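Me: I am new to this structure and would like a careful, close look at one part of it. Please begin with a strand towards the end of the numbering, and then set that part in its wider surroundings.

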Amino acid sequence: MTETPARALTIAGSDSGGGAGLQADLRTFFANGVHGMSAVTAVTVQNSVGVSDVAEIPPSVVAAQIRAVATDIGVDAAKTGMLATTEIIMAIVAACDETGIGASGATPLVVDPVAASMHGDQLLRDEALDAYRTELLPRATLVTPNLDEVRLLVGIDVTDGEQQRAAAKELHALGARWVLVKGGHMHHDPDCTDLLFDGTEFTELTGPRFDTKHTHGGGDTLAASITAALAKGASVPDAVAHGKRFVARSVEASYPLGAGVGPVSPLWVLDD
Ligand code: PLP
């Protein structure tokens, strides 16, 4: 027998192709030496070319999964991914408030505001954006939007560093304690520059841009590796710096799969 590792929970959708969603989160938790748990929000019928169907899990069942693991096993950090509907978001918020998950409780919560797949398949109903703004962001220890999600949440079309800072300020004003505006979609930037903001100070995190189309699950892997570091007790800036390094190596280790887009991969940890 060994000591119980840190425990991390993902509240997310299933990707049947195994590239993104809770499958990416759980393998990232494992690769970071953390015990992974899941509260499934939706089942996507998905492969390397896209999502062909979605079945949403009843909100009460999503909330019950969170309560079941939090009250017995315990949660050192949690993250959200695909949440699909307002009703599911409201059930998650109630369960997290009850179990101390989120900025007002003891357990850090990373909110990855997943809205669509890279193929453009919708993973969140339009009207659910309001629940992100008014319910989830005020409870977020950290929110990690890409530039498409920034446009949906605060209406800013980021094309340069100045707009990236303006967007971070607006997202912080919505209540997130820390904001990480990911710059990966600014394709004219030869690097990949993300911006971290705590309401006072901006920190730029620059990483390499790899020439690959196989980046499915990249956002999930970044947020999950940040969550794993938080579960192990890291500060938010240290966890984000770790996540940035972890996802860069996972993009470098991505592989082709099926006829479409392959996943980023944490399998590199096995050779390290
Ligand atoms: N499918 C599920 C269930 C997801 O949670 C996500 C992202 O979080 C995706 C697909 C989309 O991943 P990508 O944008 O890398 O295609």
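Reply: Strands, like helices, are DSSP runs numbered from the N terminus, with at least two residues (E) needed for a strand and at least four (H or I) for a helix. By that rule, glycine 207 belongs to strand S9, which covers residues 202-208. The model is a predicted one, in which local features need pLDDT of at least 70 and side-chain atom pairs count only at pLDDT 80 or more, while totals for chains, interfaces and linings use all residues. Residues are numbered from 1 along each chain as its sequence is written, and side-chain values use heavy atoms, with hydrogens and water left out.

Glycine 207 has a relative accessible area of 11% and therefore counts as buried (under 20%, whereas exposed is over 50% and partly exposed lies in between, with a 1.4 Å probe and protein chains only). Apart from neighbours within four places in sequence, glycine 207 is in contact (heavy atoms within 4.5 Å) with Asp191, Cys192 and Lys244. From C-alpha to C-alpha, glycine 207 lies 9.7 Å from proline 190, and 17 residues separate the two in sequence.

One of those partners, cysteine 192, deserves its own description. Cysteine 192 is part of strand S8, residues 191-197, and its C-alpha is 5.1 Å from that of glycine 207, although the two are 15 residues apart in sequence. Cysteine 192 is also buried, because its relative accessible area is 17%. Setting aside residues within four places in sequence, the contacts of cysteine 192 include Gly184, Leu205, Thr206 and Pro208. Lys244 is listed among the contacts of cysteine 192, and it appears among those of glycine 207 as well.

Earlier in the chain there are further buried positions to set beside this part. Serine 14, in strand S1 (residues 7-15), has 14% relative accessibility and so counts as buried. Its side chain is joined to that of glutamine 23 by a polar contact of 2.9 Å, a polar contact being a pair of N or O atoms within 3.5 Å, where within protein one must be able to donate a hydrogen and the other to accept it, and residues adjacent in sequence count only if both atoms are side-chain atoms. Serine 14 also touches Leu22, Ala42, Val43 and Thr44, among residues over four places away in sequence.

Threonine 44 reappears with glutamine 46, which is placed in strand S2 (residues 35-47), since a polar contact of 2.8 Å joins the side chains of glutamine 46 and threonine 44. Glutamine 46 is buried because its relative accessible area is 11%, and, neighbours within four places in sequence aside, its contacts include Asp15, Ser16 and His216.

Alanine 84 sits in a loop, between strand S4 (77-80) and helix H3 (86-99), and has a positive phi of about 70 degrees although it is not a glycine. With a relative accessible area of 4%, alanine 84 counts as buried.

As for the whole, the protein has eight helices and nine strands, and 54% of its 272 residues count as buried. Among contacts with a separation of 6 or more, 67% are between residues 24 or more positions apart. The C-alpha trace spans about 45 × 40 × 40 Å along its principal axes.
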